[in-house]
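Here are some short exercises to work through with a structure viewer open. Try each task yourself before reading its solution.

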Amino acid sequence: MATVTTFIDETQEHVDLAGRVVGVCNTLNFATTSVSAADVVQAVKIPANAFVTRISTIVRTAEGGTCTATVGDGTTADGWDASINLNATAGTVLRSLEATDTYGIGKLYTSADTIDLTMGHATDAAKVTVVAEFAYIDR
């Protein structure tokens, strides 16, 4: 298992909007950077003191075969979604559910972290966009 940081770089910036909800997204193109089963892919940076209200994953290009992942963070690998299908039809939006996912109603990050996909299968064709919605708290 490897931690894949290729998709995150220092250009992802957050604008402090003093309590307003902010959306940050990052597109992961696995045709460009393939990953193995059990790899942890860092998808979106979350700053300290952010209350994350929703994480969505939008399938842009299906993998073409069985391909699943969990969505979580450095604490709980499946906190945001216990299973997403990266072979879903392009345009499919996947997101956590309040009734079934650990962070379904949101999570306060008191220190910086990343939203991660833990890959269930080797992935070399899918393209997905991961979207995080959050508000800054006590900045």
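The exercises below go from the overall fold to ring pairs and then to the nonpolar core; please keep in mind that the model is predicted.

**Exercise 1. Describe the secondary structure of the chain and how its contacts are spread along the sequence.**

Step 1: Count the elements. The chain has zero helices and ten strands, so the pattern along the sequence is β-β-β-β-β-β-β-β-β-β.

Step 2: Look at contacts with a separation of 6 or more. Of these, 80% join residues that are 24 or more positions apart.

Step 3: Turn to burial and surface. The chain has 139 residues, and 45% of them are buried. Its accessible surface is about 6800 Å², with 49% belonging to carbon and sulfur atoms.

**Exercise 2. Find the aromatic pairs in the whole structure and work out their geometry.**

Step 1: A search of the whole structure gives two aromatic pairs.

Step 2: Take W80 and Y103. Their ring centres are 5.3 Å apart and their planes meet at 70°. Planes over 60 degrees apart count as edge-to-face, so this pair is edge-to-face.

Step 3: Place these two rings in the fold. W80 sits in the loop between β5 (68-72) and β6 (81-85), while Y103 sits in the loop between β7 (93-95) and β8 (107-109). The pair therefore ties together parts that are 23 residues apart in sequence.

Step 4: Check burial, for which the cut-off is under 20% relative accessible area. W80, at 1%, is buried, and Y103, at 8%, is buried as well.

Step 5: Now take F134 and Y136. With centres 5.5 Å apart and planes at 85°, this pair is edge-to-face. Both F134 and Y136 are buried.

**Exercise 3. Which residues touch the most other members of the largest nonpolar core, and which strand supplies its largest share?**

Step 1: The largest nonpolar core holds 33 residues, and I46, I115, L117 and F134 touch the most other members.

Step 2: Trace the strands. β2 (21-29), β3 (40-46), β4 (50-61), β5, β9 (113-119) and β10 (127-136) each supply at least two residues of this core.

Step 3: The largest share, five residues, comes from β10.

Step 4: Zoom in on I46. Leaving aside residues up to four places away in sequence, I46 touches V52, Y109, A112, D113, T114, I115, A132 and F134. Among these, I115 and F134 already appeared in Step 1.

Step 5: Add some background. In soluble globular proteins, nonpolar side chains tend to be buried together.

How values were computed: Residues are numbered from 1 along each chain as its sequence is written. Side-chain values use heavy atoms; hydrogens and water are left out. Helices (H or I, at least four residues) and strands (E, at least two) are DSSP runs, numbered from the N terminus. Buried means under 20% relative accessible area, exposed over 50%, partly exposed in between (1.4 Å probe, protein chains only). Contact means heavy atoms within 4.5 Å. Accessible areas come from the Shrake-Rupley method with a 1.4 Å probe; for residues, only the protein chains shown count as cover. Rings of Phe, Tyr and Trp (its six-membered ring) pair if their centres lie within 6.5 Å; planes under 30 degrees apart count as stacked, over 60 as edge-to-face and the rest as tilted. A nonpolar core is a set of buried Ala, Val, Leu, Ile, Met, Phe, Trp, Tyr and Cys residues joined through side-chain atoms within 4.5 Å.
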